Amino acid sequence: MAEADLQIRGTASAAPAAQGDVLLVADKLTRRFGGLAANQDVCLSLERGMLHALLGPNGAGKSTCINMLSGDLPPSEGRILLRGQDVTRLSAAQRSKIGIGRSYQRTNIFPGFTVLENCRLAAQSRNPRPWKIFTDALGLTDTLERARAAIVEAGLAGREQRIAGTMSHGEQRQLEIAMVLATDAEVLLLDEPLAGMGSEESAQMVELLKRLKQNRAILLVEHDMDAVFAVADTITVMVNGVVLESGPPEQIRNSADVQTAYLGDGHV
Ligand SMILES: Nc1ncnc2c1ncn2[C@@H]1O[C@H](COP(=O)(O)OP(=O)(O)OP(=O)(O)O)[C@@H](O)[C@H]1O
């Protein structure tokens, strides 16, 4: 199927204009758990330079969707295309090597290691000699450079030697993003990166997301509405495993369907 065709089917009802450099496409992704369809015919596309937020109440199917895109969960039906290539059958590790990176709801770092060591290990995971991860990594200049660049880009400059587990919650979430960047990911799948953050940390994370999306495609699953509306270019709302509506933030903010089905109180 042509990429343009997939973009046009990227929504539940009216499709957004296909524009920009589409990196990742979900084409009618369905995932069943027994008799429950946690995702049913979910379509969306992620473009370079754009942040696409995935919203929905608890149990709507957001994690299931991100897990299928990252390779952590095989779909029951449907396809995932990266730069037009079908990657549906690739594992999470294989997808990481070709530019799909993800962060998890729960912080997923090595707490006893320094910031640099965490990022170096992440960068090394793309190395063709992963079995030399502990012996050779310091000698691998490109790996170190990637790790250091990721630390700076994630806003952790000057904290390379900090022990990860001693940093604040917000810094640990930044580190997790740095680890994804260290893998050279062009597609970032971010699962609630603001979870547990205070307002100052959240504001910093929003600024980081704005910077990161400039040359990457981002899918953001996030419950913090202020953050989502501050940073998203497109918002897809899921309810009960299906896409209810997808479009620019103003469309979603003014959608009666979204207000009724998702929030139920008239406020987005
Ligand atoms: N491994 C599983 N086995 C059985 N059912 C599952 C499994 N994972 C998810 N589900 C079910 O699929 C539905 C969608 O769950 P999912 O975690 O994707 O929703 P969500 O939108 O991410 O929710 P939350 O915002 O609470 O994280 C829920 O009904 C959930 O109970």
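**Exercise 1. Which residue of β9 is the bridge partner of H52?**

Let us first settle how to read the model. Residues are numbered from 1 along each chain as its sequence is written. This is a predicted model, in which local features need pLDDT of at least 70, side-chain atom pairs count only at pLDDT 80 or more, and totals for chains, interfaces and linings use all residues.

Step 1. Find the strands: helices (H or I, at least four residues) and strands (E, at least two) are DSSP runs, numbered from the N terminus. H52 lies in strand β3, residues 51–55.

Step 2. Look for pairing, which for two strands requires that DSSP finds at least two bridges between them. Strands of a sheet pair through backbone hydrogen bonds, either parallel or antiparallel. β3 and β9 pair in the parallel sense over four bridges.

Step 3. Read off the partner: in β9, H52 is bridged to T234.

Step 4. Now turn to β8 (residues 217–221), which also pairs with β3 in the parallel sense, over four bridges. There the bridge partner of H52 is L219.

**Exercise 2. Are the two faces of β3 buried or exposed?**

Step 1. Take the cut-offs: a residue is buried if 20 or more other C-beta atoms lie within 10 Å of its own, exposed if 12 or fewer, and partly exposed in between, with C-beta atoms placed from the backbone.

Step 2. Check one side of β3, where L51, A53 and L55 are buried. On the other side, H52 and L54 are buried too.

Step 3. Count along the strand: five of the five residues of β3 are buried.

**Exercise 3. Follow β9 into its hairpin with β10.**

Step 1. Strand β9 covers residues 234–239, and its pairing with β10 is antiparallel over five bridges. One opposite pair is M238 and V243, the latter in β10.

Step 2. Two residues lie between the strands of this hairpin, where N240 has a positive phi near 50 degrees.

Step 3. β10 itself (residues 242–247) is mostly covered, with five of its six residues buried.

**Exercise 4. What is the order of strands in the open sheet of four?**

Step 1. Begin with β1 (residues 22–33), which pairs with β2 in the antiparallel sense over eight bridges. L29 has V42 in β2 as its bridge partner, and in the hairpin of these strands G34 takes a positive phi near 60 degrees.

Step 2. Five bridges also join β1 to β4 (residues 77–82), again antiparallel; here A26 stands opposite I80.

Step 3. β4 is joined to β5 by two antiparallel bridges, and Q85 in β5 is the bridge partner of L82.

Step 4. Put the strands in order: β2-β1-β4-β5. β2 and β5 (85–86) each have a single partner strand and stand at the edges, so one side of each has no neighbour in the sheet.

**Exercise 5. Which residues surround the ligand?**

Step 1. Use the cut-off for being near a molecule or strand: the residue's C-beta atom, placed from the backbone, lies within 6 Å of it. The shell consists of F33, L36, A38, G56, N58, G59, A60, G61, K62, S63 and T64.

Step 2. Sort them by class, with Ala, Val, Leu, Ile, Met, Phe, Trp, Tyr, Cys and Pro as nonpolar, Asp, Glu, Lys and Arg as charged, and the others, Gly among them, as polar. The shell has four nonpolar, six polar and one charged residues.

Step 3. Trace the elements: β2 (36–47) and α2 (62–70) each supply at least two residues, and α2 gives the most, with three.

Step 4. Look at α2 as a whole: nine of its nine residues are buried. G71 follows α2 and has a positive phi, near 95 degrees.

**Exercise 6. How much confidence does the predictor give?**

Step 1. pLDDT is the predictor's confidence in each residue, from 0 to 100. The protein has a mean pLDDT of 87, and 85% of its residues reach 70 or more.

Step 2. Over residues 1–19, however, the pLDDT is below 50. Where pLDDT is low, the predicted coordinates should not be read in detail.

Step 3. For the complex, the predictor gives an ipTM of 0.97 and a pTM of 0.87.

Methods
Contact = placed C-beta atoms within 7 Å.
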